Amino acid sequence: MTGLLSGAPTAVNPLRQLTIDQLRQRTSLKWREYPDDVLPLWVAEMDVPLAEPVARAITDAVARGDTGYTAGTAYPQALAEFAARRWGWDGLAVERTALVPDVMHGVVEALRLVTEPGDAVVVNCPVYPPFYESVAHADRRIVEAPLGEDLRIDLGTLEEAFRRARAGGRPAAYLLCSPHNPTGVVHSATELTAVSALAERHGVRVVADEIHAPVVAGGARFVPYLSVPGAEDGLSLMSASKGWNLAGLRGGLLVAGPAAAEDLARVPLGVSVSTSHLGVIAHTAAFRDGGEWLDSLVAGLDDNRRLLSALLAEHLPAVRYRPGQATCLAWLDCRALGLGDDPAAVFLDRGRVALNSGLTFGTGGGGHVRLNLATAPELITEAVRRMASAVG
Ligand SMILES: Cc1ncc(COP(=O)(O)O)c(C=O)c1O
C-alpha cells in the first residue's frame, strides 16, 4: 500500500524543496534554454530533488563501479509489482517486456514491429510534439484524429481516422497517449475498451505511450491499455522517467500483450543493450521503493492544479483551463486573449515566462500554451503574474 492510501504520514512535498537559486544552477534543458530573466515552465522536467531511494541506488552503484552494460529483469519485475499494487493489474508478464533506451526510442521500435515504411500512424492531436517527429523519422506518416471539444478521445473521429489509415489495406498503428499529454486526461476503462474494439474491427495495431501513468491524481484511476478486453495484441511503453524526473537517467520498457509476444521477439538485441545500466538501476528503485515519494508529488501537483485554476480565474479569466487528473502539465486555451496563434511567443517576449507553444502539438494547438506545473507554488503564482502583465 502506498503512503496516502494506507493513511501513513505523507512525506514533504517535493515541489517545495528547492529555491530558485538552486534551480538556476541546474545544467539540464529546462533551466538552461532561456536567459536568467525568464521563468521556465516549459519542458516536462520537474523542479524536485531526486527521490531518496533512487539517489541511494545510483550512488551505491557508482560506489561499486557498477557502470557496465545492463542485464537482468529487475526493472520489469519492479514495474510488474508496482502495476499490481498501484493499478490492481497483475497482467504485466516480465517475459513479455524488452528494455528500451527511452520511451521515444521504444515508440519507434514498436511502430517498426507493426507497420512498414510509408504506413499510417494515427494520433489524437493536440499531442506531445515528438510523436510527429518520431513517426516521420521512422518513415511512417501521421493521420490525425483530433480530440473532441471536451478534450477526450472522439470515437467517431478515431474510427474515421482508422479508415483513412487503412485505406488500400495497408497496416496501420494507433499511437495512443495515456494519460494524454498535454491535457492530462486519464482515459477511462470504457473509453479504452471502445478503442480496442475499434482497433480490432479496423485491423489497427495499438501502441500505447503510458509514460505518465504513475503521475495520476489520487481520485482518478489509471487503466493500463493492456488490461482492457481486446487489447491482447497491444504494445505499451512504460517508464519511471516522468514520475520521478529521470530524463537524465534514461530508460524505458516495451511491454507486449500476449498476442504481441512474437512481435516483441523481433526487437533487435542491440536496442535493449543500449539502455543505460544506471538508468535501469534508477528506474527499478523508483518503481520498487519510490511509492511514498510519488504520493507526495501527486498530491503537490493536485494542489498546483487548484492553485493555477484560482490564479487564472483572478488574473486571466479569459484563459480556459480544464484541469486534467494526470501528468504535471496544464493545457491553456488562450484564444480569447486575442494574442494570435502563438501566445507562448507573447508570454515569453513581454512576460519573460517560457511555456510550450501549442502550435507544435498539431492540429488544434493554435492559440494554446502548455504550462509545466511541476514547480513551487510561488513560481506558478509568479508565472501567472507575468502572463497577466504580458496581456495587460
Ligand atoms: C507522452 C510522452 N512520451 C515520451 C516522452 C519522452 O520520454 P523519453 O524521454 O523516455 O523518450 C515524454 C516526455 O515528456 C512524453 O510526455
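**Chat about the ligand site and the fold**

Reader: What's the mix of nonpolar, polar and charged residues in the shell around the ligand?
Author: That shell divides into six nonpolar residues, two polar ones and four charged ones. Keep in mind that this is a predicted model.

Reader: OK, and which residues surround the ligand?
Author: Going along the chain, you meet Ala44, Asp102, Val103, Met104, Tyr128, Cys177, Asn181, Asp209, Ile211, His212, Lys242 and Arg250.

Reader: What does Lys242 do there, in terms of distance to the ligand?
Author: One of the polar side-chain atoms of Lys242 is 3.2 Å from a ligand oxygen atom.

Reader: And Val103, what's its distance to a ligand oxygen?
Author: For Val103 the atom concerned is a backbone N or O, and it lies 2.8 Å from an oxygen atom of the ligand. Asp102 uses its side chain instead: a polar atom there lies 3.5 Å from a ligand oxygen.

Reader: How much of the ligand's accessible area does the protein cover?
Author: On its own the ligand has 400 Å² of accessible area, and the protein covers 94% of that.

Reader: Which pocket is the ligand in?
Author: The largest pocket is where the ligand sits.

Reader: Switching topic. How many helices and strands does the chain have?
Author: There are 16 helices and 13 strands in the chain.

Reader: Why does the radius of gyration agree with a compact globule?
Author: A compact globule of 392 residues would come out near 21 Å, and the chain has 20 Å, so the two agree. As for extent, the C-alpha trace spans about 55 × 55 × 40 Å along its principal axes.

Reader: Anything odd in the backbone? Where are the cis peptide bonds?
Author: One joins Cys125 and Pro126, with omega at about -5 degrees. Another joins Ser178 and Pro179, where omega is about -10 degrees.

Reader: Which loops hold those prolines?
Author: Pro126 is in the loop between strand E3 (120-123) and helix H7 (130-137). Pro179 is in the loop that runs between strand E5 (172-177) and helix H9 (189-202).

Reader: And what about phi at Leu151?
Author: Leu151 is not a glycine, yet its phi is positive, at about 70 degrees. Leu151 belongs to the loop between strand E4 (141-144) and helix H8 (155-165).

Reader: Why point these out at all?
Author: Because most peptide bonds are trans, and most residues other than glycine have a negative phi.

Key
Residues numbered from 1 in each chain as written. Predicted model: local features only at pLDDT ≥ 70, side-chain atom pairs only at ≥ 80, totals over all residues. Heavy atoms only, no water. Near = heavy atom within 4 Å. Polar contact = N/O pair within 3.5 Å; in protein donor to acceptor, adjacent residues only side chain to side chain. Areas by Shrake-Rupley, 256 points an atom, 1.4 Å probe, with all protein chains shown as cover. 1 Å grid on protein atoms, 1.4 Å probe; cavity = no way out; pocket = protein on both sides within 12 Å on 5 of 7 lines; lining within 4 Å. Sits in = over half its atoms within 2 Å of the grid points. Nonpolar A, V, L, I, M, F, W, Y, C, P; charged D, E, K, R; others polar. Helix = DSSP H or I, 4+ residues; strand = E, 2+ residues; numbered from the N terminus. Rg over C-alpha atoms; globule rule 2.2 N^0.38 Å.
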